[in-house]
Every structure is written in structure tokens, then in C-alpha cells.
Amino acid sequence: MRFRVSQELRQPVGTEFSLELRERSLLLDDDAAVNNVQGDASLLRTDRGLLVTLRAAARLKGACSRCLAPLELPIEIDFQEEFIPVVDPLSGTRIASDEAEDSFVIDADLMLDLGEALRQYALMSMPGKPLCRPDCAGLCANCGANLNEGPCACQPQSEGPWRALAALKTKDEEGS
Ligand SMILES: [Zn+2]
Ligand SMILES: [Zn+2]
């Protein structure tokens with residue numbers, strides 16, 4: 001998700017621009033990704049770089065935290081970050097800047113890459129324990145069977161009270 005901003009960076013401080021965002025898929029980490037990223041970003045020329053205000057909606061692809069089934073849910077990604085160029089946009093000389101260390105940077109080709117910021121904010125807006133459905137029964141701790149598909153051999157139906165207890169315990173653990 002890279003945009004050339006060499007022209008934008010040559011404008012006076014206070015100039016505003018906008019970008020339209022469309023990205024088919026963005027990998028978040030080993031087992032999550034966002035698809036169909038759609039939104040827009042407004043860019044404001046600051047004295048140091050570009051202040052990016054981004055709003056996007058996407059489909060998060062991950063796994064259920066209980067049964068590990070793949071799931072997809074809508075998320076919104078909003079952020080405001082200042083991106084600072086590592087080179088002077090006019091002379092092309094490298095800017096020795098301590099300020100840039102903690103912020104997102106615009107690379108030496110004056111390309112604004114929103115991918116990493118999007119990735120970080122998408123991870124932050126991800127629910128901590130996504131579920132495939134609110135009452136997901138999860139996996140059997142003993143044999144690993146998916147209990148959404150029915151009881152497994154180690155949990156006979158007759159052990160009603162024990163199942164109820166186990167369910168309570170699971171609830172307690174989640175509350176913490
Ligand atoms: Zn599940
Ligand atoms: Zn089992």
C-alpha cells in the first residue's frame with residue numbers, strides 16, 4: 001500500500017490531500033490477515049512531513065480462540081499518524097533526524113507506505129478472543145475433538161453435572 005508523495009511534500013505546510021484506499025489483502029501475522037480493505041486517508045502537509053488521518057473498514061480473517069475454526073469478522077481501522085521523510089523532498093539529502101526514530105517514515109524514494117501502520121492498528125482493533133459463534137463449545141481438553149460437532153467419547157452425555165461444572169469453570173477462566 002504505497003503512494004508516491006514527492007509532489008505532496010513539496011507543497012506548503014497546511015496543504016491537504018486525500019487518498020483512496022483499496023487493498024485486496026494484508027497479512028497481519030502468522031495466522032491473521034485483513035481482506036477487502038476499503039477507506040480513505042487525508043494527508044496534511046506539516047512542517048516535518050505528512051499527517052495521515054486514515055479510516056478504513058476491512059474483513060478480518062483469523063481463527064476462533066476456542067475451536068480454532070477459521071472465521072471472518074468486520075473490523076474498522078482508524079488512526080492518525082505523522083509520517084516523516086528520511087530525505088529532504090527538495091534536495092534529496094538525507095535528513096539526520098532523531099524525531100523520525102519513533103515515528104513512521106517516508107522512504108528515500110518519497111513513497112508513503114501505509115501497510116505497516118495499517119497492520120499495527122488492525123492488530124490493535126482485533127478482538128482479543130474472537131469466537132466463531134458466541135456459544136462455541138471449543139475443543140475437548142482431553143482428546144482435542146471439536147465439541148461443536150457433538151460430544152466426544154471422553155464426555156458421555158450421562159455426566160450431566162460434570163459437564164455443567166466444566167462449563168462454569170470455562171466461564172470463570174474467561175472472565176479473568
Ligand atoms: Zn469456535
Ligand atoms: Zn474428548
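**View 1. Val-37 sits in strand 3.** Welcome to this model, which is a predicted one: local features need pLDDT of at least 70, side-chain atom pairs count only at pLDDT 80 or more, and totals for chains, interfaces and linings use all residues. Residues are numbered from 1 along each chain as its sequence is written, chains are lettered from A and ligands numbered from 1 in the order in which they are written, and side-chain values use heavy atoms, with hydrogens and water left out. Strands, like helices, are DSSP runs numbered from the N terminus (E, at least two residues, for strands; H or I, at least four, for helices). With a relative accessibility of 1%, Val-37 counts as buried; buried means under 20% relative accessible area, exposed means over 50%, and partly exposed lies in between, using a 1.4 Å probe and protein chains only. Apart from neighbours within four places in sequence, Val-37 is in contact with Met-1, Leu-21, Arg-22, Glu-23, Ala-56, Ala-57, Ala-58 and Leu-118, where contact means heavy atoms within 4.5 Å. Val-37 and Leu-118 are 81 residues apart in sequence, and their C-alpha atoms are 9.6 Å apart in space.

**View 2. The protein chain combines 3 helices and 7 strands.** Follow the sequence and you meet them in the pattern β-α-β-β-β-β-β-β-α-α. The chain has 176 residues, and 36% of them count as buried. Among contacts with a separation of 6 or more, 52% come from residues 24 or more positions apart. The chain exposes about 10800 Å², with carbon and sulfur atoms supplying 50% of this area; accessible areas come from the Shrake-Rupley method with a 1.4 Å probe, and for residues only the protein chains shown count as cover.

**View 3. Leu-54 and Leu-114 touch the most other members of the largest nonpolar core, which has 40 residues.** Strand 2 (16-29), strand 3 (32-45), strand 4 (50-63), strand 5 (70-85), strand 6 (104-106) and helix 2 (115-124) each supply at least two residues of this core. A nonpolar core is a set of buried Ala, Val, Leu, Ile, Met, Phe, Trp, Tyr and Cys residues joined through side-chain atoms within 4.5 Å. Which residues is Leu-54 in contact with, leaving aside its neighbours within four places in sequence? They are Leu-21, Asp-40, Ala-41, Ile-77, Asp-78, Phe-79, Leu-114 and Leu-118.

**View 4. Four cysteines coordinate the zinc ion (ligand 1).** Look for the SG atoms of Cys-64, Cys-67, Cys-132 and Cys-136, at 2.2 to 2.3 Å from the ion. Donors are N, O and S atoms within 2.8 Å of the metal (3.2 Å for Na, K and Ca); water is not among the atoms, so sites may look incomplete. Angles of 106 to 112° among the 4 donor atoms make this site tetrahedral, a term used for four donors if all angles lie between 85 and 135 degrees. Along the chain, the donors follow the spacing C-x2-C-x64-C-x3-C. Both Cys-64 and Cys-67 are buried.

**View 5. The zinc ion (ligand 2) has Cys-140, Cys-143, Cys-152 and Cys-154 as its protein donors.** Each gives its SG atom, and the distances run from 2.1 to 2.4 Å. This site is tetrahedral, with angles of 106 to 118° among its 4 donor atoms. The spacing of its donor residues in sequence is C-x2-C-x8-C-x1-C. Cys-152 is buried because its relative accessible area is 11%, while Cys-154, at 30%, is partly exposed. A search of the whole structure finds 0 disulfides; a disulfide would be a pair of cysteine sulfur atoms within 2.5 Å.

**View 6. Leu-68 and Leu-110 are two loop residues to visit.** Leu-68 belongs to the loop between strand 4 and strand 5, and Leu-110 to the loop between strand 6 and strand 7 (111-113). Phi is positive in Leu-68, near 65°, and also positive in Leu-110, near 60°; neither residue is glycine. Is Leu-68 buried or exposed? Leu-68 is exposed, because its relative accessible area is 56%. Leu-110, at 8% relative accessibility, counts as buried.

**View 7. Ser-125 lies in the loop between helix 2 and helix 3 (160-175).** Ser-125 is partly exposed, with a relative accessible area of 30%. Leaving out neighbours within four places in sequence, its contacts are Ile-75, Glu-76 and Ile-77. The C-alpha atoms of Ser-125 and Asp-78 are 8.9 Å apart, although 47 residues separate the two along the chain.

Note on methods
Four donors count as tetrahedral if all angles lie between 85 and 135 degrees; four count as square planar and six as octahedral if opposite donors are over 155 degrees apart and all others between 65 and 115; anything else is irregular.
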